[in-house]
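Here are a few exercises to work through with the model open on your screen. Try each task before you read its solution.

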Amino acid sequence: MSVKKFQKKTEDFRCFNCGELIKGNGYTDHCPKCLYSMHVDINPGDRLSNCHGIMKPIKVETIGGVNYIYYICEKCGYKHRVKASDKDNMNLIIEFNKNL
């Protein structure tokens, strides 16, 4: 049996970092207000990680006009990147880009 690399999960959640209530759309994996996330997946949407650490945004890089948010898990050190959403806090995206 093969495991899909991406599983769409439509879930609402409250951001543990800033308290914002997030309405998920199946691709939502971080808080659009503060950009923080949680280490809950091995592959996107599978919810198979046992870590559940805080995924801290550490930088944003723009490649070909697309913003990517880079994370590090504060619990286990796992590193990950995701495409930024058009709903993300653009002021934070700009700040991260300035700090490169």
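**Exercise 1. Work out the order of strands and helix along the chain.**
Keep in mind that this is a predicted model. Walk along the sequence and you get the pattern β-β-β-β-β-β-α. Tally that up and the protein chain has one helix and six strands.

**Exercise 2. Check the radius of gyration against the rule for a compact globule.**
Start with the rule: for 100 residues, a compact globule would come out near 13 Å. Now take the chain itself, which has 13 Å, so the two agree. For the extents, the C-alpha trace spans about 45 × 25 × 25 Å along its principal axes. As for burial, 33% of the 100 residues are buried.

**Exercise 3. Find the largest nonpolar core and say which elements feed it.**
Begin with the members: L35, C51, M55, V60, I69, Y71, C73, V82, I93 and F96, which makes 10 residues. Next, sort them by element: β4 (54-63), β5 (66-73) and α1 (90-98) each supply at least two. β5 gives the most, with three residues. There's also another core apart from this one, with five residues, including C15, C31, C34 and Y36.

**Exercise 4. List what Y71 touches, skipping residues up to four places away in sequence.**
Take the lower numbers to begin with: H30, L35, Y36 and S37. Then come M55, K56, P57 and I58. Finish with Y78, K79, H80 and V82. Cross-check with the largest core: L35, M55 and V82 belong to it, as does Y71 itself.

Key: Residues are numbered from 1 along each chain as its sequence is written. This is a predicted model: local features need pLDDT of at least 70, side-chain atom pairs count only at pLDDT 80 or more; totals for chains, interfaces and linings use all residues. Side-chain values use heavy atoms; hydrogens and water are left out. A nonpolar core is a set of buried Ala, Val, Leu, Ile, Met, Phe, Trp, Tyr and Cys residues joined through side-chain atoms within 4.5 Å. Buried means under 20% relative accessible area, exposed over 50%, partly exposed in between (1.4 Å probe, protein chains only). Helices (H or I, at least four residues) and strands (E, at least two) are DSSP runs, numbered from the N terminus. Contact means heavy atoms within 4.5 Å. The radius of gyration is taken over C-alpha atoms; the globule rule is 2.2 Å times the number of residues to the power 0.38.
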